[in-house]
Amino acid sequence: MTTADQPRETHWGRRVGALAIDWLIASAISAGFFDYHPLATVGVFAAMTFLLVGTLGSSIGHRLLGLRVRAGSGDPAGPLRALVRTVLLCLVIPAVVTGPDGRAVHDRAAGTIISRN
């Protein structure tokens, strides 16, 4: 992959915005079907994130804000990377601790990168 083909890094604003959109959707589903139980909200969020990132390469929030989750090579993330990323994202701490390249621990562990479309 040439430098021109590599995904562009994203700023935290879009990432946090996408997370907020996804959490609001999960909260609405949880409120409608599970009496807004906290574990149900996390479960809905995790299922939504895993399924959408693993199959389409982006969650609803990512899609609305023009982001994609890709493998470090630029290929789609796929189910295994999406699973690792989602589990660590739900633990919160790996999502807020970043490395020198600006990638959070959950993305580094899963071998993924968030890029703009």
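Helices, here, are DSSP runs of H or I with at least four residues, numbered from the N terminus. In this predicted model, helix α1 is followed by D35, whose phi is positive, near 55°.

**Helix α1 and its packing**

Helix α1 covers residues 12-34, a run of 23 residues. From the first C-alpha to the last, α1 reaches 31 Å, close to the 33 Å expected at 1.5 Å a residue. Six positions of α1 are listed as buried: R15, A18, D22, A26, S27 and S30. The elements against which the buried residues of α1 pack are tabulated below.

| Element packed against by buried residues of α1 | Residues |
|---|---|
| α2 | 38-56 |
| α3 | 60-64 |
| β1 | 67-71 |
| β2 | 112-116 |

**R15 and the aromatic residues**

R15, one of the buried residues of α1, lies over the face of W12, at 5.0 Å from the ring centre. As for contacts between aromatic rings, the structure holds one aromatic pair.

**The largest pocket**

The largest pocket has a volume of about 390 Å³, and 22 residues line it. R15 appears again here: together with L19, L89, A95 and H106, R15 lies nearest the centre of this pocket. At least two lining residues come from each of α1, α2, α4 (78-90), α5 (93-96) and α6 (105-110). The helix that gives the most to the lining is α1, with seven residues. Helix α1 thus supplies buried residues that pack against α2, α3, β1 and β2, and α1 also contributes seven residues to the lining of the largest pocket.

Conventions. Residues are numbered from 1 along each chain as its sequence is written. This is a predicted model: local features need pLDDT of at least 70, side-chain atom pairs count only at pLDDT 80 or more; totals for chains, interfaces and linings use all residues. Side-chain values use heavy atoms; hydrogens and water are left out. The expected span of a helix is 1.5 Å times one less than its number of residues. Buried means under 20% relative accessible area, exposed over 50%, partly exposed in between (1.4 Å probe, protein chains only). Contact means heavy atoms within 4.5 Å. Rings of Phe, Tyr and Trp (its six-membered ring) pair if their centres lie within 6.5 Å; planes under 30 degrees apart count as stacked, over 60 as edge-to-face and the rest as tilted. A charge sits over a ring if NZ of Lys or CZ of Arg is within 6 Å of the ring centre and within 35 degrees of the ring normal. On a 1 Å grid over the protein atoms alone, a cavity is a set of points where a 1.4 Å probe fits but cannot get out, and a pocket is an open set with protein on both sides within 12 Å along at least five of seven lines; lining residues have an atom within 4 Å of a point. Grid points are joined across faces, edges and corners, and a volume is the space filled by probe spheres set on the points.
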